[in-house]
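Me: I'd like to go through this structure label by label and ask what each one rests on. Ready when you are.

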Amino acid sequence: GTNAIMWKCGVLTTVFLYVLFVFFVRYRISEEDASEHTVAATRVGGVVLAVVFMLTPAVREAASHLEPRLFDFMWAMLAFVLIAVYSCMPKWIGWLFVILSATVAGCGVADSPLTMMLLPLYFVAVWSVASPRGRRPYGVAALFLLVYLLAMFLYVKGSVGDMTEYLQAQKAAVKFYFQAKNWVLVLALATVPFAICLMACRKSLSHESGLSQWMFHLVLTLVTVLTVATPLSPSGLMDASGVFPVATSAFVAITAGYLATYWWLLFKSAFRVNESLEEESTARFSRPIACVAGGVLVVAVVGSGLINLFTFDRDSGRFVTLVAENILAEMGDRTWLVTDGTIDDNLRFAARAEPGRELNIISLTRDADKDYIAAMTELVKEKKIGGENNGDLLLSLSIGVLPFVQDWFAMDTNVSRQVAVFGVPDLWYSAQLTAVPEFLVFGADSSRKPDWSKSEALLKALPAPKRWRSYQLWREKNPVQPRRLELPR
């Protein structure tokens, strides 16, 4: 289940988040409010952030599968890192990093709406970094926005081509986020606390420590414990939807890191105290509160981290590999497979592992993919599918994958000896053919004897996994259901 790309993206993302967290906290604490404990506190917070982020189930799954969300988030964080670098550079070269950051963010829009959704944060970050250094913040922010829009338009135009189609796809992607089950809870428990921390950290980490600050951070700690160590985490809430909430998991990790920094400083009594209060009196209350709240946070982080460590196994990937191998075994000498696109890559890898094995996959989910339709057209023409009806089938394929499959099944009397269906049997019935179940696929040739030589290993893998998994899967009694949910991963 692992791959050579995404785990590296996971490592880079963790490093970026640590660097940005340390930079941001130190940047927000003014020099007169800084203490000898500030450096240690920010490092403690950065470590907590990194641990929470790395051991989050959604992040681990995204880092061990060829799944784009972790790369998209890493790319978005790279733009912030370049803004941080800009703040440390001389004026004459700093503009270059603003342009680089805007270019990275603008190009990222071609693959994901994430950098578009984070545009207000980019804008605020550039403005905030430029202001204290005597630079014109409005000029720097305007330059960032101009380069961002230019990079977005040029890159999207060159890579996608059709802007209308691209905008529709982005609209659908954003709409999907707000239609997924439990998205409101994820927004309320992960995104809102993160936004509150961004706005409150300067005052919280620099100004006087008192009852209102303690109560505010106690409530925030309670929410963070819920989102780190309970089913109310973004991973737990989005698990049933098959979505990896990488960005919101990072928001939770940042909030946890910020709270670790706050409680550490409070324990060290490193805040400026009210002149009307005695320092010893303030410390008498603040340190016990910091010990209890910080201790609860540490227990939640360490406990959930240890539990999540038990999910670091290859069961999911091994199961999908077994499914792919069994499908190929059941196909026998048939070379065409109609699928729903769920495990197409696994099927191709399994076919390549068998020398001389031919496998042609017809993915119904790529019905609107023009490049895929073009490749399928060449393949159908080369294989002369349908014989004398090949021209008619090519015309059907120009309309879409589904019309092509329906017409092929209806026209070709020999289709049952060439094709198997990984999915529902309706395609066979719509062509007035009787579907024949063969365990994992449906055929239409009742005279075939399925090859179940590899089914024993698959059947052994069906029971619920021995190790902990997501909270959603813990409750499943049907052993097939957890595996169905894991197939897209």
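Me: Why is Asp333 called exposed?
Reply: This is a predicted model, and in it Asp333 has a relative accessible area of 62%. Exposed means over 50%, so Asp333 earns the label.

Me: And what makes Asp333 and Arg448 a salt bridge?
Reply: Their side chains come to 3.2 Å, N to O. The cut-off is 4 Å between a Lys or Arg nitrogen and an Asp or Glu carboxyl oxygen, so the pair of Asp333 and Arg448 qualifies.

Me: What does that pair tie together?
Reply: Asp333 sits in the loop between helix H15 (315-331) and strand E1 (336-339), while Arg448 is in the loop between strand E5 (442-443) and helix H21 (455-461). The parts tied together are therefore 115 residues apart in sequence.

Me: Is Arg448 buried or partly exposed?
Reply: Partly exposed, at 22% relative accessibility. Buried would need a value under 20%, so Arg448 misses that class.

Me: How many salt bridges does the rule give, and which others can you show me?
Reply: The count is six. Among them, Glu354 and Arg357 meet at 3.4 Å, N to O, and Lys383 pairs with Glu358 with the closest N and O atoms 2.9 Å apart. Both values pass because the limit is 4 Å.

Me: How do you know that Lys383 and Glu358 link distant parts of the chain?
Reply: Look at where they sit: Lys383 is in helix H17 (residues 370-383), and Glu358 is in the loop between helix H16 (344-352) and strand E2 (360-363). They are 25 residues apart.

Me: Why are Lys383 and Glu358 called partly exposed?
Reply: Lys383 is at 34% relative accessibility and Glu358 is at 33%. Partly exposed runs between the 20% and 50% limits, so both fit. Glu354, at 25%, and Arg357, at 21%, get that label too.

Me: Switching to cysteines: how many disulfides are there?
Reply: Zero by this rule. Take Cys201: the closest cysteine sulfur is in Cys197, 7.8 Å away. A disulfide needs the sulfurs within 2.5 Å, so that is too far for a bond.

Me: Is Cys201 buried or exposed?
Reply: Buried, at 2% relative accessibility. Cys107 is buried as well, with 18%; the line is drawn at under 20%, so Cys107 makes it.

Me: What makes the largest nonpolar core the largest, and which residues have the most contacts inside it?
Reply: It has 84 residues, and Leu70, Met77, Tyr122 and Phe144 have the most contacts inside it. Helix H13 (residues 246-267) supplies the largest share, 15 residues. Another core lies apart from it, with 25 residues, including Phe404, Phe409, Val415 and Ala444.

Me: Why would such side chains gather like that?
Reply: In soluble globular proteins, nonpolar side chains tend to be buried together.

Me: Which residues does Phe144 touch?
Reply: Leaving out residues up to four places away in sequence, Phe144 touches Ile83, Val98, Ser101, Ala102, Ala105, Leu119, Tyr122 and Val126.

Me: Which residues make the nonpolar surface patch?
Reply: Phe123, Trp127, Tyr138, Leu145 and Leu149 make it, over about 470 Å². Helix H7 (119-130) and helix H8 (137-159) each give two or more residues, and H8 gives the most, with three.

Me: What makes Phe123 eligible for a patch?
Reply: Phe123, found in helix H7, has 32% relative accessibility. Patch members need over 30%, so Phe123 gets in, although 32% still counts as partly exposed.

Me: Why is Thr248 called buried?
Reply: Its relative accessibility is 14%, and the cut-off is under 20%, so Thr248 counts as buried. Thr248 is in helix H13 and touches Val186, Ala190, Thr191 and Pro234, not counting residues up to four places away in sequence.

Me: Last one: how much of the protein chain counts as buried?
Reply: Of its 489 residues, 48%. The chain has 23 helices and five strands, and it exposes about 24500 Å², with carbon and sulfur atoms supplying 64% of that.

Conventions
Residues numbered from 1 in each chain as written. Predicted model: local features only at pLDDT ≥ 70, side-chain atom pairs only at ≥ 80, totals over all residues. Heavy atoms only, no water. Core = buried A, V, L, I, M, F, W, Y, C linked by side-chain atoms within 4.5 Å. Buried < 20%, exposed > 50% of the residue type's maximum accessible area, 1.4 Å probe, protein only. Helix = DSSP H or I, 4+ residues; strand = E, 2+ residues; numbered from the N terminus. Contact = heavy atoms within 4.5 Å. Patch = residues over 30% accessible without salt bridge, like charges linked within 9 Å, V, L, I, M, F, W, Y side chains within 5 Å. Areas by Shrake-Rupley, 256 points an atom, 1.4 Å probe, with all protein chains shown as cover.
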